[in-house]
Amino acid sequence: MLKKWARSALMGLTLSALIGAILPVAGAVEITIACGAVGIESRLCREGTESWAAATGHRVRLIQSPNLSNNRLALFQQMLAAGSSDVDLFQIDVIWPGILATHLIDLNPYYGEEQRQAHWKTLIDNNTIGGELKAIPWFTDIGLLYYRSDLLDKYGLPVPETWSQLASAAMRVVDAEREAGRVRMTGFVFQARAYEGLTCNALEWIASYGGGQILSPGGAIDLHNPRAVSALNQVAGWIGTFVSKGVLTYDEEDARGVFQSGNAVFMRNWPYAWALAQADGSPVKGLVGVAPLPKGGIDGRHAGTLGGWGLAVSRYSKHPALAADLARHLTSEAEQIRRAIAGAFNPTRPAVYRNAAVLAAHPFMGSLSELMDNAVVRPSRIAGERYNQFSTIFWNAVHDILSGRAAAADSLAAAERRLRRLSRNGRW
Ligand code: GLC
């Protein structure tokens, strides 16, 4: 008897084949997709497009896009502003629907109510602008704490519940390991380069201490407050001690590189890092654990930023129906199961979190759906098309603090003034 996931995989393929057969295309066409290349993303994307191409008889061309979310945005904006039909399907960040809305088609006609309901409502709502579905959710992300279970065991340390516990555990291990000759050992790696990833990290520190989410749900600016100042002061104090200064240039892959080569006790990263750290050939295979990010003190909260990506069809595509069909295939339950098992990419469909094969491959995924419900959301719906401008002001202010160029209170006050100047009567 076929396992449930295998049956749904087959059903997905048959459906695509059927759709391919009835679509009014005169001969095979080529669809171009711009998908990500972080970790093994590119391979997984290619495999997904190949099964669609085999089932429909069409061809798919992949173009690689830059790893950093904001660099990718700049490239896509350039292409779309030129009205270019070169790319049919774009992988877009959860924070972009508002920014790119005018260049993307409404997917509702291609993606009915029943299909939409199979995804988390928050993600469908996030991708819906003015009633139009601008992207089909593909995978979600949440900030997680990775730790070296062997090292915590060796020094009799628990998995840290608060940032202060993380700091003291990291210092303890780093000191002892360096003394024992492992001079490259560092305590904690995360994303502190000046880019969107720093916005995600900083929001986690601030929100974990109850320092707000930069903008209130009503759009009022809430950044220069005592909790945010002290949260960022704390992180600035780590740098140059158990966190190396190099972290100020790290993105996701830099942090993973250090952690995976065995040179860090803790890492903040997205779920994809799990599958790679645990893969054959990884120097830390079997030595890694994953947990919610620490709370800001015992009264604080675990705050992981919500990330993730969807698939959107360009308004300038010459083949919107086929591009939408490819998006439907790539985001299908069968594909999300495959990507979850092979790459720990978090599904956007709650049902996949109960899938036995997924849970057998990555037991921690079962608990992620609960974490996701409590995730911290960047204020991209409030800032809308100006989100990138907003986030740039924030991440630059944080980078100045972490690199010691400005005191936390001054830098946040200056960022708040800048945000106010761009607001309408103090509201975004
Ligand atoms: C991940 C997240 C995305 C976020 C980016 C920042 O790719 O999924 O939402 O913007 O990291 O680096």
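A residue is called buried when its relative accessible area is under 20%. That cut-off comes in handy for Arg-148, the residue picked out further down in this predicted model.

The overall picture comes first. The chain has 428 residues, and a compact globule of that length would be expected to have a radius of gyration near 22 Å; the chain comes out at 22 Å, so the two agree. Measured out along the principal axes, the box filled by the C-alpha atoms is roughly 65 × 55 × 30 Å. Inside it, the secondary structure adds up to 19 helices and 13 strands. Of the contacts between residues at least 6 apart in sequence, 74% link residues that are at least 24 apart.

As for inside and outside, 57% of the residues in the chain are buried. The exposed surface is about 17,100 Å², with 54% of it supplied by carbon and sulfur atoms. On the charge side, there are 42 positive and 37 negative side chains, and the centres of these two sets lie 1 Å apart.

Now to Arg-148, which sits in strand 7, a run covering residues 144-148. With a relative accessible area of 7%, Arg-148 falls under the 20% cut-off and therefore counts as buried. Its side chain makes a polar contact with the side chain of Asp-150, at 2.8 Å. Setting aside neighbours within four places in sequence, Arg-148 is also in contact with Met-185, Phe-259, Gly-262, Ala-264, Val-265, Val-284 and Leu-287.

Conventions:
Residues are numbered from 1 along each chain as its sequence is written. This is a predicted model: local features need pLDDT of at least 70, side-chain atom pairs count only at pLDDT 80 or more; totals for chains, interfaces and linings use all residues. Side-chain values use heavy atoms; hydrogens and water are left out. Helices (H or I, at least four residues) and strands (E, at least two) are DSSP runs, numbered from the N terminus. The radius of gyration is taken over C-alpha atoms; the globule rule is 2.2 Å times the number of residues to the power 0.38. Buried means under 20% relative accessible area, exposed over 50%, partly exposed in between (1.4 Å probe, protein chains only). Contact means heavy atoms within 4.5 Å. Accessible areas come from the Shrake-Rupley method with a 1.4 Å probe; for residues, only the protein chains shown count as cover. Lys and Arg count as positive and Asp and Glu as negative; His and the chain ends are not counted. The place of a charge is taken as NZ of Lys, CZ of Arg, CG of Asp or CD of Glu. A polar contact is a pair of N or O atoms within 3.5 Å; within protein, one must be able to donate a hydrogen and the other to accept it, and residues adjacent in sequence count only if both atoms are side-chain atoms.
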